[in-house]
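Grab a pencil and open the viewer. Try each task yourself before you read its solution.

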Protein chains: 2
Amino acid sequence: MNIVEKIAIMRESIQAARGKGLLVGLVPTMGALHEGHLSLVRRCRDECGFAVVSIFVNPTQFAPNEDFDNYPRTLDEDYLMCKALDVDLVFAPLRSEMYPGSGHSWVEVDKLSDYLCGASRPHFFRGVCTVVGKLFNIMTPDKAYFGQKDYQQLAIIHRMVIDLNIPVDIVGCPTVREQDGLAMSSRNRNLDPGQREQAACLHEALRKGAELIAGGQSDPVRVIADITAVITAQPESHIDYISIVDKELLYPVEVINGPVLIALAVQIGPVRLIDNILVDPPQKSS
Amino acid sequence: MNIVEKIAIMRESIQAARGKGLLVGLVPTMGALHEGHLSLVRRCRDECGFAVVSIFVNPTQFAPNEDFDNYPRTLDEDYLMCKALDVDLVFAPLRSEMYPGSGHSWVEVDKLSDYLCGASRPHFFRGVCTVVGKLFNIMTPDKAYFGQKDYQQLAIIHRMVIDLNIPVDIVGCPTVREQDGLAMSSRNRNLDPGQREQAACLHEALRKGAELIAGGQSDPVRVIADITAVITAQPESHIDYISIVDKELLYPVEVINGPVLIALAVQIGPVRLIDNILVDPPQKSS
């Protein structure tokens, strides 16, 4: 497995792989790999002749008050995991390679970025789209793999690729969960044991909401009230948002009468966690 | 020469050309081709084995009050000119092919877009960068050709390509002028004969400004005053802006003590025209 830090070398490696007729697959990550990432890597490995994992903690998607400095960094372990899964190449550029200082250019997706995490983290998705756009331009992958845990990110990247005619196939993969339902996340390792236990409330609350909708509840306000109760039962929880939105365009729905996404962001102690669930309400007889 | 309207066919054509080992060159235009465009096409033809001209009047770079509807469209003549210059392929998509309706994604270059035309036409460069980004993603050209008449556009595209790691070589080409110095522009054909005569004042004024700087004048206010006088001598002129700016970052300079760009936009009758000139002031002995 090669570890590459330079864009120019990266381009050469991709060209060499293409020269051999190999399909190029990319799993973009910020490192601190866990089983969620590894499920993406395995799928990439299965589907592509040349499997690339990028590891880059992208500064442009963090606001100054956010956890860029504390974001977990475990590069050596990440390399070992990638090697064990037979990854062909890890791209791990320095910040100075990706942003040499004079950058003024941005890729943005409006509307879809206004809701959910975009509302509480303005500029977040601009940073994500810009760095993913850059990675696509550097690697020109045939396929790129993203987790459904970051549902809004997946929806926005999908929109970006269609709107801007980027020739890559975006593959969304199911959220991988711990035994108690907590969605795997690099940030989970910043929870202390008590907080870790409380963090299970996110998935529990989402399941509660999904049950209510499946039982016929069509008023999002009522569903959100019940979800809120599950979360606030945990002493160190602090709700950022709980929203029930259109599953394509992500705007909050007023009545639940079609497939929706329940999405939430909750601070548990010092750590902001997100999770979501797709729900199909029961068909109304007309 | 092939004329292609569909993105999918375009991609196949490019792939076929690449398969033959040909270098792909792109001249992006909004049609109504004139000698200025043709100079770009000739250079592209000289340097690239597969020469593509795109013709698309891009709606996203026009504000509602601007001249999108009146922008000259001469598709049949354009095709003949391209054929005469041995262009391999003209890409002339319909609006519905480029913008199928649900587009939310934008490419933007900040700072450089704040000055000159960006100040009077907000969103203009966002539209330009987005459509050029799309064309680059569709055609993945090795080289792309832009005229220096649209100096700010050239600088911004250059910045975009560097910042976003787009693998294309941007080639800037000199402005082509009429006998009386008027920069060639598709919009010139919307001038009536009297206005056409007055339009020569743009280049005359720029030359006047360049002479003053070459003669040692380092105060931009004084230079702009003399340029203004040349323009306002024409009865149907209306100045949008006259600026003396840093030639890289395009911000207005307070003292002229290095290479600068004099740029202006002037309405002559109903037509907004732009032009510019690069000036190196005389070296000061220290």
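Here are four exercises with worked solutions.

Before you start: this is a predicted model, in which local features need pLDDT of at least 70 and side-chain atom pairs count only at pLDDT 80 or more, while totals for chains, interfaces and linings use all residues. Residues are numbered from 1 along each chain as its sequence is written, and chains are lettered from A and ligands numbered from 1 in the order in which they are written.

**Exercise 1. Size up chain A**

Task: work out how the radius of gyration of chain A agrees with that of a compact globule.

Solution:
- Step one is the rule: the radius is taken over C-alpha atoms, and a globule should follow 2.2 Å times the number of residues to the power 0.38.
- Chain A has 286 residues, so the rule predicts a value near 19 Å, and 19 Å is what chain A has.
- Next, look at the box: along the principal axes, the C-alpha atoms of chain A fill roughly 55 × 45 × 40 Å.
- Then check burial: 43% of the 286 residues in chain A are buried, where buried means 20 or more other C-beta atoms within 10 Å of the residue's own, with C-beta atoms placed from the backbone.
- Finally, count elements: chain A has 10 helices and 10 strands, read as DSSP runs (H or I, at least four residues, for helices; E, at least two, for strands) numbered from the N terminus.

**Exercise 2. Find where the chains meet**

Task: say which elements of chain A give two or more residues to the side that touches chain B.

Solution:
- Start with the count: 22 residues from chain A and 22 residues from chain B take part, with contact meaning C-beta atoms, placed from the backbone, within 7 Å.
- On the chain A side, the elements are β5 (105-109), α6 (124-139) and α7 (151-163).
- β5(A) gives the most, with 5 residues.
- Now look across: β5(A) pairs with β5 of chain B (residues 105-109) in the antiparallel sense over 5 bridges; pairing calls for at least two DSSP bridges.
- For a landmark, find Glu108(A), which stands opposite Trp106(B).

**Exercise 3. Compare span with expectation**

Task: for α9(A) (residues 201-214) and α7(B) (residues 151-163), what end-to-end span do you expect?

Solution:
- The expected span is 1.5 Å times one less than the number of residues.
- α9(A) has 14 residues and reaches 20 Å from its first C-alpha to its last, close to the 20 Å expected.
- α7(B) has 13 residues, so it should span 18 Å, and its end C-alpha atoms are indeed 18 Å apart.
- Now burial: 10 of the 13 residues of α7(B) are buried, so this helix is largely enclosed by the rest of the structure. Among them are Ile156(B), Ile157(B) and Arg159(B).
- The buried residues of α9(A) include Cys201(A), Leu206(A) and Ile213(A), and their cover includes α10 (220-232) and β9 (260-268) of chain A.
- Last, check what follows each helix: Gly216(A) after α9(A) has a positive phi near 110°, and Asn165(B), just after α7(B), has a positive phi of about 60°.

**Exercise 4. Split chain A into domains**

Task: where do the domain bounds of chain A fall?

Solution:
- The assignment gives domain 1 (2-173) and domain 2 (186-277); such bounds come from an automatic or database domain assignment.
- The C-alpha centres of the two domains lie 26 Å apart.
- At their boundary, 16 residues of domain 1 are in contact with 17 residues of domain 2.
- α5 (117-120) and α7 of chain A each supply at least two residues of the domain 1 side.

Notes. Two residues are in contact if their C-beta atoms, placed from the backbone, lie within 7 Å. A residue is buried if 20 or more other C-beta atoms lie within 10 Å of its own, exposed if 12 or fewer, and partly exposed in between; C-beta atoms are placed from the backbone.
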